[in-house]
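Work through the exercises below with the sequence and the model open. Each task is followed by a solution in steps.

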Amino acid sequence: MAADLQPRFLLVHEEAAFNQDYQNFFKQNGWNCKVASDFESAVKEACCSDYEIVITDLDLLGSDSTAFMDKIRLQKPNQAFMVVCSQNQAASGIKALRSGALDFIQKPLDLRFLHETISRIVATLREEEAQLKLLRRLSNYEAQYKFSTMDLVSVPFVPPILNELQRGGVIDLNTKLKISLAFQEALTNCVEHGNLELESSWKEDFDASGNDKFTMLKEKRLFDPKFSERPVVVDCSIYNKELTFKIEDCGPGFEFPEASKFSVVDEASLLCYGRGLRIIYGTMDRVRYENGGRIVTLIKSL
Amino acid sequence: MDFETSSNGEKAVIRITEDLDSEQSGEALRRAFNQVYESGSRTVVLDLSDVEIINSYGIGKVLMCYKRLKADNGVLMVKPLKGFVKETFELLMLDKLLPVYDGE
C-alpha cells in the first residue's frame with residue numbers, strides 16, 4: 001500500500017502501558033495511528049481531525065459505545081467505527097454493530113489480526129467512497145442514442161454507462177450482464193414487435209417447407225425502407241441513484257402485459273414467447289409502458 | 001462454429017463453447033442437436049459451463065431442443081450451471097423444466 005494510501009485511524013484504548021506499543025507497531029507498518037486514552041479526549045480528537053476509522057475499547061466506555069459514537073456523529077455523521085471488547089462483552093459488541101459499528105474484535109488483542117481487520121475495513125470504506133464519488137459525478141447523467149432498425153439488427157448495443165458503472169464498482173459483472181440482457185430484450189421488442197410489426201405467435205406458424213412466418217417476414221421487412229428505416233431512440237439517465245432506460249420505437253404499439261402474468265411457470269408461453277418480458281420484469285425494479293406501448297421505460301436502483 | 005458432441009448410445013452430450021446470444025451460436029446448437037438426435041439419442045445433456053452470456057434467442061434454441069425431445073418421449077438435461085447463465089435459467093424458471101445431469 002502506497003504511503004499516501006495508508007490508513008489513518010484513531011485507537012481509543014485505556015491501557016496506557018500498551019498504547020505506545022500499538023503506535024510503534026502501526027508506525028513500523030507506515031500507518032498513521034493516533035491513540036486516545038479517555039472518552040473526552042477521544043471525542044475531541046475524532047471531531048477535530050479526519051480519521052478513516054475510530055477503533056474504541058468498550059472497557060473505556062463502560063460498555064456504552066452508542067453514546068460515544070452518537071457524540072462524534074453529531075460532528076462527523078459519516079464517521080466509521082469499530083469496537084474492541086472483552087470476551088465476556090460479546091453482547092455489547094453485537095449492540096455496537098446495531099448502533100452502526102462496522103465490526104468488533106475481542107481481546108486479547110492480536111496486533112496482526114487488528115492490522116488485517118483494519119486493512120479490510122478501510123479497503124471496503126475506500127471502495128464505497130469511490131462508488132459514491134462516481135454516483136455523485138453521474139448524478140445528472142443523460143445520454144441519447146438514435147438508431148435505425150437496421151443498425152440494431154446487425155450489432156447488439158450495450159449502453160456504455162453500464163461499463164462505466166461496472167468499472168467504478170457500482171455494479172458487479174453479473175448485475176451488468178443482467179441489466180444489459182433486460183435492456184437488449186426491451187430493445188429487441190421495440191425493433192421486432194414495434195418497428196417491424198412482427199407478432200410472436202408467427203414463430204409457430206410454419207409453411208409447407210417448414211419455414212416460420214416470423215423469420216420470413218422479418219427478413220423481408222428488413223429490406224423494406226418503410227420498416228427498416230424507422231428509428232429507435234434510447235435515452236439513458238441516472239437520477240437519485242436510479243438508472244433509467246427509455247426506449248421509443250415508431251411502430252403501431254402493442255398491448256403490454258402486466259408483471260403478474262410472469263410470476264408462475266407457464267410452459268406453453270415459455271416455449272413460444274414471453275421470455276424477453278420475463279427477463280425484463282425479473283431484472284428491473286420498475287417497468288413502464290407509455291404511448292400505447294411505443295415507449296418502454298426500465299428503471300433499476302443502484 | 002461447431003459444438004463438440006459425444007454420444008454413448010441413448011445419451012449424448014453437447015458441449016457449447018460459445019456464448020448463446022447470436023444467430024451463429026444458435027445455429028451451431030441446432031446443428032449439433034440435429035446430429036445427436038438423428039443418431040438416435042433421446043437423452044441429451046447440454047454442457048453450458050463455457051457459456052458466459054445467454055439471451056432469449058439462445059434460450060429459444062435450448063427450448064427448441066427440449067420440445068423435439070419431449071415430443072419423442074426424450075429428455076433434455078443440463079450440466080450444473082453457474083453464474084449469469086444459472087441466474088437467467090432460474091429467472092425464466094427453466095430450472096424446473098430441465099433436470100440437472102450430475103454425471104461425467
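**Exercise 1.** Which elements each supply at least two residues of the lining of the second largest cavity?

Solution. The model is a predicted one.
- Step 1: list the lining. The residues around the second largest cavity are A:Lys178, A:Leu181, A:Ile279, A:Thr283, B:Phe84, B:Glu87, B:Thr88 and B:Leu91.
- Step 2: assign them to elements. At least two lining residues each come from α9 and α13 (275-283) of chain A and from α3 (83-91) of chain B.
- Step 3: find the main contributor. With 4 residues, α3(B) has the largest share of this lining.
- Step 4: sort by class. The lining of the second largest cavity holds 4 nonpolar, 2 polar and 2 charged residues. Its volume is about 30 Å³.

**Exercise 2.** Describe the largest cavity by its volume, its lining and the classes of its lining residues.

Solution.
- Step 1: count the cavities. There are 2 cavities of 30 Å³ or more in the structure.
- Step 2: take the volume. The largest cavity encloses about 60 Å³.
- Step 3: name the lining. Around the largest cavity lie A:Ala186, A:Asn189, A:Cys190, A:Asp249, A:Phe254, A:Ile280, A:Tyr289, A:Gly293 and A:Val296.
- Step 4: find the main contributor. Helix α9 (residues 173-195) of chain A has the largest share of this lining, 3 residues.
- Step 5: sort by class. The lining of the largest cavity divides into 6 nonpolar, 2 polar and 1 charged residues.

**Exercise 3.** How many residues does each chain bring to the contact between chain B and chain A, and which three residues of chain B supply 33% of the area that it buries?

Solution.
- Step 1: count the residues. Chain B brings 21 residues and chain A brings 19 residues.
- Step 2: take the area. About 1700 Å² is buried between the two chains, and 68% of this comes from carbon and sulfur atoms.
- Step 3: name the three residues. B:Phe84, B:Leu91 and B:Leu92 give 33% of the area that chain B buries against chain A, more than any other three residues. Among them, B:Phe84 and B:Leu91 also line the second largest cavity.
- Step 4: look for polar pairs. The interface has 3 residue pairs in polar contact, both residues being at pLDDT 80 or more.
- Step 5: assign the side of chain B to elements. On the side of chain B that touches chain A, α2 (56-71) and α3 of chain B are the elements that give two or more residues. The most, 7 residues, comes from α2(B).
- Step 6: sort this side by class. It comprises 11 nonpolar, 5 polar and 5 charged residues.

**Exercise 4.** Find the salt bridge between the chains, then one that links distant parts of chain A.

Solution.
- Step 1: recall the principle. Side chains of opposite charge can pair when their charged atoms come close.
- Step 2: count. The whole structure has 20 salt bridges over all chains, and the count between chain B and chain A is 1.
- Step 3: name the pair between the chains. A:Lys178 pairs with B:Glu87, with 2.7 Å between the closest N and O atoms. A:Lys178 and B:Glu87 are also among the residues that line the second largest cavity.
- Step 4: turn to chain A. A:Glu40 and A:Lys71 form a salt bridge at 4.0 Å, N to O. A:Glu40 lies in helix α2 (residues 39-48) of chain A and A:Lys71 in helix α4 (residues 65-75) of chain A, 31 residues apart.

**Exercise 5.** Which helix gives the most to the lining of the second largest pocket?

Solution.
- Step 1: take the volume. The second largest pocket holds about 500 Å³.
- Step 2: look at the lining. Of its 15 lining residues, A:Tyr51, A:Glu52, A:Asn78, A:Gln79 and A:Glu129 lie nearest the centre.
- Step 3: name the helix. Helix α6 (residues 111-137) of chain A gives the most, 6 residues.
- Step 4: sort by class. The pocket lining has 5 nonpolar, 3 polar and 7 charged residues.

**Exercise 6.** Locate the cis peptide bond and a residue other than glycine with positive phi.

Solution.
- Step 1: find the bond. A:Lys107 and A:Pro108 are joined by a cis peptide bond, with omega about 0°. A:Pro108 sits in the loop between β5 (104-106) and α6 of chain A.
- Step 2: find the residue. A:Asn240 has a positive phi, near 50°. A:Asn240 is placed in the loop between β7 (231-239) and β8 (242-248) of chain A.

Terms used. Residues numbered from 1 in each chain as written. Chains lettered and ligands numbered in written order. Predicted model: local features only at pLDDT ≥ 70, side-chain atom pairs only at ≥ 80, totals over all residues. Heavy atoms only, no water. 1 Å grid on protein atoms, 1.4 Å probe; cavity = no way out; pocket = protein on both sides within 12 Å on 5 of 7 lines; lining within 4 Å. Points joined across faces, edges and corners; volume = space filled by probe spheres on them. Nonpolar A, V, L, I, M, F, W, Y, C, P; charged D, E, K, R; others polar. Contact = heavy atoms within 4.5 Å. Buried area = accessible area lost by both parts, 1.4 Å probe. Salt bridge = Lys/Arg side-chain N within 4 Å of Asp/Glu carboxyl O. Polar contact = N/O pair within 3.5 Å; in protein donor to acceptor, adjacent residues only side chain to side chain.
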